[in-house]
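Reader: Hey, could you take me through one part of this model up close? After that, I'd like to see how the rest fits around it.

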Amino acid sequence: MTERDLVIVGGGPAGMAAALCAYKNGVKDVLIIERDQRLGGILNQCIHPGFGLEYFKEILTGPEYAQKVTDEIRSIKQIEVSLRSFVVKLEPHKILTILKPGSLQQVKAKTIIMATGCREKTREMIHVPGTRPAGIFSAGLAQKLINIEGLLPGKEVVIVGSGDIGLIMARRLTLEGAKVKAVVEIQKESRGLIRNVVQCLNDFDIPLYFSHKIARIYGNKRVEKVAVIKVDDHFNPIEDSGFSIDCDTVLVSVGLIPENELIEMAGVAIDKKTNCPVSSELNTTSIKGLFVCGNSYKVYDLADSVSLDSEIAGKQAAEFLGSRL
Amino acid sequence: MTEPRLTKKFICIECPKGCEITVTLDEGTIVEITGNSCEKGEAYVRAEITNPTRVLTSSVLAEGLEFKMIPVKTNKPISKAKLITAMREIKQLRIHDPVHCGEVIQRDFLGLGVNLIATRACKKVE
């Protein structure tokens, strides 16, 4: 078993900002564990502009933002990056079990920063009745298929929920030649940034139905249509308000859940409603020297805010290590 | 008799704030802009009234490189009316040689006076 001063789990904007700031505050032995084959996390598939205005004082796309931070990480030899590496176990005394191609390793860390981000809520979590045909994707998966894999997930699309990723995908799909027939939002207002409603929906005359929900998904092999119904203030369906939309694809964009199964495994107190760690001060958990930052700490609207708050985690880790000497 | 003044409302897309900006027009001429909290907002609504523009981002198919798709953007906004034409052109493009972040993929893209640039580095397959 090897020993490290600081192990950071996750090489997205949170993990990288934490690593850089820890290094700048005196930590000279940093290991970043990233499950993907490259650093950058979800920024790699967010090819649209709108990042960086606060953090870099310029408007960048996701990959450009990722590249800037990655270049800095790669220039510091005391920060080691282990790609295609997945933490399968975290023990309370800070031992990590890491699965890498061809090996299973254990690392003992003096301090740990978890920067594991979020995953998307699924259709199952919003209880949409109907069949289970092909053609139902989370918005972020559709984003990965188009922007990373170069595959168009469908031709006639209905988007459930007006989260930012769903709005961004409405525009992306339209530009790629798909027809986005509607965005259906159960709330009275958009969950996403208002500018995304403007530049992703209004620019392309895509209808947005507030106070509406998907009542049922139809289709055997592939999605064929969805039934949409208006809801009242208590989200109960209003009779005779239903209509249907023919489509071959449904994207679900109804929010994110912090990925915190590893710290839960280690015994950290988790708020079951939000899946965030119970925490009295930014980035801290119920275990001393085990920090959580970025979207796994709480769901942020902007990558810039993730970077800024995660820098603090790097500083906190450095201070924790300093106090142990 | 004077033309009644016309007001138009816009939501600024320049930053995540999303300011609601009201523009007063008098016979097509802007006479007042209110609600913006910076000069970017003013420039944005002026463009919205004369020629709305957007930065276009997409991805181009790579062949023989480490990634299948290389993300690209126009280095300056282009006319909104040209977005779909531009997308058609982007779909025809192929990248065979390694690129660095910011490298020009197409100079004077579609004669629009903007360059199409890569937004990520992409190497040859190792």
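To start, which residue in strand 8 of chain A is the bridge partner of Lys100(A)?

Author: It's Ser103(A) that is the bridge partner of Lys100(A) in strand 8 of chain A. Before going further, a word on what you're looking at. The model is predicted, so local features need a pLDDT of at least 70 and side-chain atom pairs count only at pLDDT 80 or more, while totals for chains, interfaces and linings use all residues. Residues are numbered from 1 along each chain as its sequence is written, and chains are lettered from A and ligands numbered from 1 in the order in which they are written.

Now, back to strand 8, residues 103-114 of chain A. Helices and strands here are DSSP runs numbered from the N terminus (H or I with at least four residues for a helix, E with at least two for a strand), and two strands pair if DSSP finds at least two bridges between them. Strand 7 (residues 95-100) of chain A pairs with strand 8 of chain A in the antiparallel sense, over six bridges. These two strands of chain A make a hairpin with two residues between them, and there Gly102(A) has a positive phi near 85°.

Strand 8 of chain A has other partners too. Strand 1 (residues 2-9) of chain A runs parallel to strand 8, joined by seven bridges, and within that pairing Val7(A) has Ile112(A) as its bridge partner. Strand 21 (residues 290-292) of chain A is also parallel to strand 8, with three bridges; here Ile112(A) stands opposite Leu290(A). If you're wondering what holds such pairs together, strands of a sheet pair through backbone hydrogen bonds, either parallel or antiparallel.

Let's zoom out to the whole of chain A. You can count seven helices and 21 strands in it. Its radius of gyration (taken over C-alpha atoms) is 21 Å, which agrees with the value near 20 Å for a compact globule of 325 residues; the rule behind that is 2.2 Å times the number of residues to the power 0.38. Of those 325 residues, 49% are buried, meaning that 20 or more other C-beta atoms, placed from the backbone, lie within 10 Å of their own (12 or fewer is exposed, and in between is partly exposed). For a smaller example, look at helix 3 (residues 139-147) of chain A, where the buried residues include Ala142(A), Gln143(A) and Ile146(A). Looking down the axis of helix 3 of chain A, the buried residues fall within an arc of 155°, so they line one face of the helix. That arc is the one spanned by the directions from the helix axis to the C-beta atoms.

Chain B is built from two helices and ten strands. With a radius of gyration of 19 Å, well over the 14 Å that the globule rule gives for 126 residues, chain B is more spread out than a compact globule. The share of its residues that count as buried is 31%. In helix 1 (residues 39-50) of chain B, the buried ones are Gly41(B), Tyr44(B) and Val45(B). They fall within an arc of 90° seen down the helix axis, so they line one face. On the other side of helix 1 of chain B, you'll find Glu39(B) and Thr50(B) exposed.

Chain B also holds an open sheet of five strands in the order 8-5-6-10-9, with mixed pairing. Its strand 8 (94-95) and strand 9 (104-106) stand at the edges with a single partner strand each, so one side of each has no neighbour in the sheet.

Finally, how do the two chains meet? The contact takes 21 residues from chain A and 22 residues from chain B, where two residues are in contact if their C-beta atoms, placed from the backbone, lie within 7 Å. On the side of chain B that touches chain A, the elements giving two or more residues are strand 5 (57-62), strand 6 (69-74) and helix 2 (83-92) of chain B. Strand 5 of chain B gives the largest share, four residues.

Conventions: The expected span of a helix is 1.5 Å times one less than its number of residues.
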